[in-house]
Amino acid sequence: MKKRIISLLLSISMLATAGFTSCGKKSAKSATANDPHTIVIWHDKEDAVTDVLKKKLKTLEPDVKVVLEKKSDLTESLKMVGNDPNSAPDMYIFAHDKIGVYAEMGILEPITNLISKDDLSKFMDSTVEAATYKGKVYQMPLYYETLLFMYNRLYMKDEEVPKTTEELYSYMKENTGGGHYGFAEQHSTPYYATVWINGFGEKILSKDGKAKLNTKKVKEALTYHKKFVELQPGETEYATVNTLFSEGKAHSTIAGPWMIPTVKEKGMDVGIAPMPVIDETQKSLSPYMGVQGVQVLKNAVKTKKASIKKVLKVLMDPDVEIDLAKASGCAPAQNACYDQDEIKNDNVVMMMKQTADNAVPMPNAPEMDVMWTVLGNLMTDINLSNKDIDESLKNAQAKADSLIKSMK
Amino acid sequence: MKDRKYNTLKCYLWSLPSLVLILLIVIFPIIYTGYISLTNMNVYHWTNYSFIGLENYKDAILVFDSGFIKAFVMTVIWTVTSMILQLVIAYVLASLLNVRGLKARNIYKTFLIFPWAMPGYVSILLWKTGMFNSQFGLLNQWMNKLGLTAAKWLNSDWSAFWCCTIVNLWLALPFMITIIDGALQSIDHSFYESAILDGANWFERTVYITIPMIKPIIGPSVVITIFTTFKQFDVIYLLTQQVGAKTGANIHTIMTYAYENAFITNNYGYSSAISILIFVILILFTVVINRRQKERSV
């Protein structure tokens with residue numbers, strides 16, 4: 001009898017726990033869902049960025065309370081709950097490249113329904129272009145990032161900084177060996193490899209979502225790039241390349257601005273220079289530009305439009321972007337910020353602005369999701385498995401076409 | 001008769017909470033995946049998806065191309081190799097743990113079980129950067145000390161396969177050692193004493209006493225491990241295929257192949273159809289193994 005009672009109690013407590021857990025979660029979310037004065041913003045940013053945002057958003061209280069919630073799997077979580085007002089956030093801060101996916105899913109509100117055209121015109125054209133999908137603007141930009149050419153002044157003097165890719169190649173030949181590399185990049189990682197493809201004037205995905213891999217320009221770019229790969233480490237991943245640079249084993253690299261605090265902490269005298277010009281095309285290496293900004297969910301607008309407008313208005317203040325630049329080296333998205341001395345004197349931000357002039361906004365079409373994998377495989381086939389370039393391009397094109405077809 | 005019916009009903013009633021949980025956690029996702037596989041649910045039809053019959057299955061069959069067949073063969077080789085190595089190594093280590101008079105047995109057991117305590121994701125990435133990395137990995141540090149040329153362990157299919165197998169062994173051995181250790185302890189020592197009196201050597205005792213007696217105990221664990229190894233994704237993906245960290249090796253199991261050819265498309269109908277087909281393959285595999293086991297026991 002005793003055993004029966006214990007097992008009954010255990011069964012009840014198990015079911016009750018399961019029930020309470022799900023109810024508990026739901027009630028916490030639904031409390032904010034029904035409160036027009038509480039705005040939940042999901043993000044995946046570091047503390048330096050959120051501290052600036054929190055401080056500014058605090059000024060809205062008690063009228064509007066903003067809760068910033070960090071989500072490491074933000075993109076997947078949004079796919080799961082984007083349509084559910086009880087679980088989804090009201091807004092989120094993320095790069096522009098997922099806009100196409102969420103716009104097609106129908107969960108995003110065009111930002112032009114919440115801010116005026118005059119307000120939007122304050123932002124750099126390239127950032128607004130990045131936030132536009134099928135003619136509608138879905139993001140209010142905050143800042144943008146591009147990859148930068150960085151060098152360690154201990155090894156590469158300012159006068160040695162290569163202005164062209166051939167100068168870079170000569171430097172690599174002279175300085176690679178004995179555990180040192182003249183230059184190291186994530187050569188077979190798609191985000192970094194596109195720096196070379198863009199520099200040859202090709203876009204791997206057309207505006208209408210068609211893959212462009214088996215083209216003359218991509219072939220030229222990857223053939224030319226390969227000789228640089230041969231003088232670099234066999235690994236292409238973030239940790240290896242960044243450690244080589246931060247440990248002083250690689251004299252120069254192409255990396256994001258997020259790398260700078262790490263190397264400065266290690267005492268490196270790091271220099272930042274314009275991207276080398278490709279001798280073959282006379283265009284500089286062109287990285288992708290990622291625009292970080294605020295997106296608003298459709299469901300939230302139905303019940304919280306007034307509060308959302310207030311949040312956007314506060315975040316539109318150029319001081320926010322200037323503070324972000326000072327705190328985390330983010331390049332402001334508003335033109336007016338570049339008239340301020342604080343920004344003009346920031347070498348990293350100004351170099352990013354210069355690089356952004358030649359940068360290509362990262363495509364925001366949903367098809368880009370499959371292109372990352374296909375391009376990654378293509379780069380690996382050519383650079384690490386030494387497969388024939390023509391054959392690899394042909395296979396990659398066929399694979400991309402088939403995967404894009406499978407998306408629909 | 002009435003009592004029997006009452007007892008049966010009572011058994012089901014007592015099991016009801018567990019059955020409900022199993023239904024929610026195991027059965028419902030399978031049924032729901034089956035339902036999604038019959039719709040056109042994808043990024044372009046997220047909420048307005050509709051029933052499209054077996055269209056996704058027609059497309060999914062195309063994934064089962066020559067690449068899939070190659071991945072399937074690779075999966076079988078991977079499973080067989082891993083299982084043989086796991087059973088042999090686990091048996092040897094468990095036998096050593098059961099040597100009479102062994103001191104500090106529990107300390108050895110704790111060390112051997114350690115890989116189980118670490119999250120698999122962390123273990124795999126530690127092996128990747130800490131051991132196999134061509135610049136900083138321990139293996140190449142040793143090679144350098146010995147005056148040998150540094151190797152790119154994960155770049156070629158052959159060496160990447162063995163690296164993946166080693167990591168899989170590291171992750172899976174604690175479970176198998178624990179099971180075999182328990183099975184060995186359950187054998188009555190009088191069997192061995194009689195065999196020794198009859199003049200049986202170590203090999204004969206192993207073949208005629210130990211293995212037949214532990215077989216029924218470790219059987220279910222072996223079947224579970226076969227399936228875990230067969231549908232292994234993490235080890236191969238994280239060591240060789242992760243986007244942004246590909247190594248040049250082109251080894252695929254059916255899971256990594258399906259991921260690269262379907263799941264990245266955000267087409268949930270199509271991906272669900274492929275999941276259901278892989279599920280059917282695994283079910284067929286189970287039926288074959290069960291039938292073989294029954295035949296052997298007869």
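Where is the place of A:Gly248 in chain A? A:Gly248 sits in the loop between α10 and β9 (252–255) of chain A; helices here are DSSP runs of H or I with at least four residues, strands are E runs of at least two, and both are numbered from the N terminus.

Before going on, some ground rules. This is a predicted model, in which local features need pLDDT of at least 70 and side-chain atom pairs count only at pLDDT 80 or more, while totals for chains, interfaces and linings use all residues. Residues are numbered from 1 along each chain as its sequence is written, and chains are lettered from A and ligands numbered from 1 in the order in which they are written.

Back to the loop. A:Gly248 counts as partly exposed because it has 15 C-beta neighbours inside 10 Å; 20 or more other C-beta atoms within 10 Å would make a residue buried, 12 or fewer exposed, with C-beta atoms placed from the backbone. Setting aside neighbours within four places in sequence, A:Gly248 is in contact with A:Asn152 and A:Leu154, where contact has C-beta atoms, placed from the backbone, within 7 Å. From A:Gly248 to A:Asp401 is 42 Å, C-alpha to C-alpha, with the two positions 153 residues apart in sequence numbering.

Now for the strand β13 (residues 288–297) of chain A. Ten of its ten residues are buried. Its partners are listed below; two strands pair if DSSP finds at least two bridges between them.

| Partner of β13(A) | Sense | Bridges |
|---|---|---|
| β3(A), residues 91–95 | antiparallel | five |
| β4(A), residues 108–109 | antiparallel | two |
| β7(A), residues 140–146 | antiparallel | six |
| β15(A), residues 360–361 | parallel | two |

Some residue pairs help you find your way around. A:Tyr92 stands opposite A:Gln295, A:Leu108 opposite A:Leu297, and A:Glu145 opposite A:Gly290. On the parallel side, A:Tyr288 has A:Val360 as its bridge partner.

Zooming out, an automatic or database domain assignment divides chain A into domain 1 (29–145 + 290–361), domain 2 (148–187 + 237–284) and domain 3 (191–231 + 367–408). The C-alpha centres of domains 2 and 3 of chain A lie 24 Å apart, and 14 residues of domain 2 are in contact with twelve of domain 3. On the domain 2 side, α7(A) gives the most, with three residues.

What about the nonpolar packing? The largest nonpolar core has 115 residues, and those with the most contacts inside it are A:Met91, A:Met289, A:Met371 and A:Ala400. A core here is a set of buried Ala, Val, Leu, Ile, Met, Phe, Trp, Tyr and Cys residues joined through C-beta atoms within 7 Å. α16(A) gives the most to this largest core, with eight residues. Leaving out neighbours within four places in sequence, A:Met371 is in contact with A:Ile204, A:Leu205, A:Ala211 and A:Ala400.

Finally, the two chains together. 33 residues of chain A are in contact with 28 residues of chain B. α16(A) gives the most to the chain A side, with six residues. The model scores ipTM 0.79 and pTM 0.83. Chain B has a mean pLDDT of 88, with 98% of its residues at 70 or more; pLDDT is the predictor's confidence in each residue, from 0 to 100.

Methods. Two residues are in contact if their C-beta atoms, placed from the backbone, lie within 7 Å.
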